[in-house]
Amino acid sequence: MPMSEKGNAAADWKVGVDIGGTFIDFCALETHSGRMASLKVLTTPDDPGAELMTGLSLLAEREGLDPIAVSRFVHGTTVGMNTVIQRKGASLALFTNAGFEDVIELARLRMPETYSLFCSRPDQLVSRDRVFGIPARMRSDGSEAAPPDLASVADAVAAARAKGVAGIVVSFLHAWRDDGHERRVKAEVARLAPDLFVFTSAEVWPVIREYERTTTAILNGYVHPRISGYLTALEERLAARGVPATPLLTKSNGGVMNAAEGKRSCVKMLLSGAASGVIGAAWLARQAGEDRILTLDIGGTSADFALIVDGQPQFGTGEMIGEFPLHIPSVAVSSIGIGGGSIASVDEQAILRVGPESAGSTPGPACYGRGGERATVTDAMVVCGWLGHSAMAYGQLQMDPAQARAAVGRLAARTGRSVEATAQAILDVAISELFVEVEKMASRAGVDLRDFALMPFGGGGPMLGALLARELGLRRMLAPRRPGVVSALGGLVADLRGDFIRTLFRPLSPAVLPDLREAVAQMAEEGRAWLAEQGHRGPVDLLLHADMRYAGQSYEIETSLDADWLARGDLDAIAGRFHATHARLYDFFDEKGHIEIVNLRLSALGAGPSLAFPQAEEIDGEALAERSIAVHVDGALAQVGLYRRADLVPGQRFAGPAVVAQEDTTLAIPPGTQVRVDRHLNLQLTFPE
Amino acid sequence: MFDRMNLRVLANHVRAAAENMAHTLQRTAHSAFVKETEDFTVMLMNRKGETFGVPMELGATWFPGLTYGRALAMVDDYRPGDVAFTNDPYACYVATHVPDTHLWKPVFHDGEIVAWTGGHIHNTDMGGAVPASLSRALTEIHQEGIRFPPMKLVNEGVFDEQILRIMVTNVRKPDLNIGDIKALVGALATGERKVLAMIDKFGKQAFLDGVEALLDHAEAEARAMLRDMPDGTWTFSDYADEDSVEANPCRLHVTLTIRGDEALLDFTGSDPQLASSLNVPSGGDPRHTILLVGIYYVLYTLNPKILLNTGLTRPFTCIAPEGTVLNPVFPAAVGMRSLTCARLRSVIFGAFSQAIPDRLPAAPAGNNCIVNVMTTDERTRRTVIAAVNPVVGGGGGMPHRDGTNGSGADAAYLKNTPIEITETETPVEFVRYGLARDSGGAGRWRGGLATDMAFRVFAPDSRITVRNRDRSFFRPWGVLGGRAAGLSDMAVNPGSAEERRLGNVDTAVLQPGDVLSIRSAGGGGRGDPREREPWRVVQDVERGYVSVEAAERDYGVVVRDGRLDEAATRLLRATMPAHGAHFHFGPERDGYEARWTPDAYERLTAILAGLPIHWRFFAKTEIFRRMSGRSGAEGVQHALAQVQARFPNMPAPATGGAG
């Protein structure tokens, strides 16, 4: 290793990289010195991966990062998501039970726009002429009514080939109970067409519910060739640079996995961007001693938000990938099409609206001076005076307030109001759009948001966060020092995490205990083997959950279990935890209700690096504003202190209204807010009651 | 006056409140009806009881224009913490069948009522003659379960235990009812809290003004849409296959008149009230929400940005004469009004399709069958009652794309259950669940395909009910040259020696090994099928949506060995006749209307309107019995004469009936 002779032998870099729509974000930590470097580079959609290398070069130039000193390299990529959204995935065939070829098209029937006669479903990723029915039938108890007809498989392979498919997804009824039919058909396909890749639904995620399982397997196959190709190229590029670390990939479940697995289990990384944002936020929150957080990540076109309860992200299934639901455990993140680039318009009834149309990153808001002419949320912020006092995005964008004023002015001419009043109304409407979606999420989760602190990140989160927090009635906000790289940080700190599932669908009774114990033992073994395969050498943490319900209910709830209870056969403890969970989520429980265990789930965790960032002692004192600027606050002109984030030191205090400018974003702080800089350089905002 | 530039802010807060209520109810409810089927509503109402906010993502789609005014007035002395309720369709026409239990709660601010929160749940059972309280065969409301007139259920935060005990005593699943009602009471409290938060934010007067501005805004949007439509008068009829056990068609008829920014919907000519539970209790309210559901769909389709609230209903006036199927008098049964309401929607769609032909789709399948199974689990010997998938059909061909397959349009709110879940819980085995080839109406844009479902049972005397079965005789219509869709069907053991075709009945008894096959209707086609690009037809053939024969017969597209034969297609299309009329109904309805002409129906309507209400259905049935070999107004008159001869003490119809 000749590079180490250059004198960097002591350095140990851990690098997290997250690709967004416009920028790729780097968060790099040198563990001995605690030095943290962050960086934004424009994405290169035509050559995914090239921007990564540019970033590494810049880190080397600016921070002296030597590739050979990189001991951990974690990457979150949107290649899979983009493949689905742009419909550029593999040409696939689906082999399934004859008589049930339309399961993926019928889906769950209900459509989102129930009041529209034009409501419709998306075109399927596998069109109906590539769905082949194979006579076969497994019963729900795992007994076989009819074996797969292998002659039909041969015909289907020939027909699929004639259609030019690259791979085949095999999904048969009741594979959650016994995947024998899927395995037999897969073996037959492999024999007849070894050049086609094949995924079975049970190997992707063996959960009960045929549509959900099939569609998840299809997503996996659809993105497989692209992700696999991308990861191979990435490995080669990193190796060529001399990076010794095996790249790790962030997963939708908030954990990481190695690239070898990423090539197979592509579907597990589809939502990793949003997930690692929440993981990063949860980590920052724990550092700051907060355990109930509402995260808010606002970009140019959309806002993502999630709840952190007891310091932990919440999990769910059925998150949307483009137009398709993904049914693997994922960090629960909600989304709305409102961001800094959302366009404001006035309708025929003179009602002002914001979004869902967005100016995106090209041309972007009018104030970017790149040809955008329609007023956006960012332009409204500029007109009000909150923005435009410093360069944005690490100096890569200059604000042009005159363009913002002209754009908002065109709307003002139609509303008959002043430019400032129109700008304020744009902000009020944008905030109210976010308000609806956050309130919905909170009521679904059954939480009282007033117990939560808001953590805004992304380019637009700090800009709108305090205004939204005030609307939601939150009392506090925690603004991290580097909001642009929270997702990259999430990857940096994430654990290895593998999920395993056994569907049992049995009543909770002594008779089921042996099966439960066996399932746990098997999954524990799989979990340990998985971690070993990932190269994990440290301690192993196994989390056990069951999806349970009262007999007759058609939904399950996730209930955490102690492995001990199974060993002891303590059914009362299991039932008690379920009743309590049910009461917490649904406000009631049924002591006499018969309980069913639908799934048993195990997560195997290998702890990520335990990182510490330097902290400084707090010095009590007033922060000094750099200068005073004029801002239209809630409709009235006010003199507002402008602070530089880089100048703020722990312990300093100041009060809103205020503007805090930093290299990657600007914080707007409304009147009455008390601000304190904490030891981690977070800004702690407290709003007036 | 509320600052209109900020109306969207208030609208969003209102929507957040309504979504909050809906999620709270769905989250805490006990029954599958509320949690899964989402047969519930919640709403925010102004001081007069007019709905100004509903959720958009959860719940039923029938109630954004509901007015609780009459119900509110039937209870005295509201106090903070009170909740009132009713499920009696005839008390105030807020509930429209007995299982629907409506609750409302005053929102007090500074000692005065500033708004109401309200909503309904569909109770799994309210007692009465049959489980679930619903059957087409019931003939009077007393058979449909216990009814509670408007009264307080909660007094200043305390439930009236006597009322709960009466309910518990009379219904089959009391725990579900009580659990759901308590969940709704919780949701109403959530709504109350959110209303008070809005008053806190906007100020009391601004909130009150803003609510009226929301209603005015919706009204203005509806009026703007009507102004964009041409003035004129259009008539349209559609039929439910069977009006009762008598199995005559039930006709719904509308005369739509658009003048400027207003519309009149005159339902005169619709059948007399029925001796079955298909009646729709509107109370003759000229803006009853249940008469206007089709309007919500039309308006929302034309402009998805509209606010859904009572303001939308203001430009519309309905006339539903007393004693007709759309305005029955006590004690007519009303439990299965949902079947009639589906047909009512297609009548409204048909009327507007003539007014604005370019902008609306063809008829949706319009038969939203809910399938229930009662059988025995051979392993446990226990009786199992379960809902199997709904069997619904496709949407009509749209102006810009094909109708949605297997669901869509006004059926898009329904959900299915995974086959793997059903088979694990219920001793049935599915044989097929998919789309039915050639069931969508042909057209430039094809109608959505029907759903085809078949399953097997294993225990003797397994009883199946298929509520809302319809469209087994009268097809979903096509428009603008597009053709009518395939019919619904139900059969036991199809294709075997034991085959039994079940026509339009909605129940079946199955024996071990029997397979029940249920097919919905499809969606109607839109535009001339000869104008559909041949590649689309070939693609439909490849996908199995259209057979090679139908491609040739209906589209004039010749497919040979999986490929388009361009020359043969050109030749064939040149010789195919066009369908010139606005609607295409199919041979069944054309044949029926050759006898039952518009004149015949005009005559019948006049005769029946002249009879006392309790004679009307009887007279209709007797006249129908005597129509074979007859047609037109004259035929009706002759049939009437025979009826009068047979029943000499039948009163003479009041105006011109005796002829």
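Biologist: Happy to look at this with you. Is A:Ala406 buried, partly exposed or exposed?

Modeller: Glad to help; bear in mind that this is a predicted model. A:Ala406 has 17 other C-beta atoms within 10 Å. A residue needs 20 or more to be buried and 12 or fewer to be exposed, so A:Ala406 is partly exposed.

Biologist: Thanks! Which helix holds A:Ala406, and how far is the residue from A:Ala90?

Modeller: The helix is H11 of chain A, which spans residues 401-415. A:Ala90 sits 316 residues away from A:Ala406 along the chain. Between their C-alpha atoms the separation is 46 Å.

Biologist: Now the domains. How many residues of domain 1 of chain A touch domain 4 of chain A, and what kinds are they?

Modeller: Domain 1 of chain A takes in 2-83 + 231-269, while domain 4 covers 496-606. Their C-alpha centres lie 35 Å apart. On the domain 1 side 8 residues make contact, meeting 5 residues of domain 4. Those on the domain 1 side divide into 2 nonpolar, 5 polar and 1 charged.

Biologist: Over to chain B, then. At what angle do H15(B) and H17(B) pack, and is their crossing left-handed or right-handed?

Modeller: H15(B) runs over residues 598-609 and H17(B) over residues 632-646. Their axes are 6 Å apart, at an angle of about 35°. The crossing is right-handed.

Biologist: Lovely. What is the make-up of that contact?

Modeller: H15(B) contributes residues including B:Leu604 and B:Ile607, and H17(B) residues including B:Val636 and B:Leu640. Charged residues take part too, among them B:Asp599 and B:Arg603 of H15(B). The contact divides into 6 nonpolar, 3 polar and 3 charged residues.

How values were computed. Residues are numbered from 1 along each chain as its sequence is written. Chains are lettered from A and ligands numbered from 1 in the order in which they are written. This is a predicted model: local features need pLDDT of at least 70, side-chain atom pairs count only at pLDDT 80 or more; totals for chains, interfaces and linings use all residues. Domain bounds come from an automatic or database domain assignment. Two residues are in contact if their C-beta atoms, placed from the backbone, lie within 7 Å. Helices (H or I, at least four residues) and strands (E, at least two) are DSSP runs, numbered from the N terminus. Axes are lines fitted to C-alpha atoms, for helices over the stretch in contact, and angles run from 0 to 180 degrees between N-to-C directions. A crossing is left-handed if the near helix is turned anticlockwise from the far one by less than a right angle, and right-handed if clockwise.
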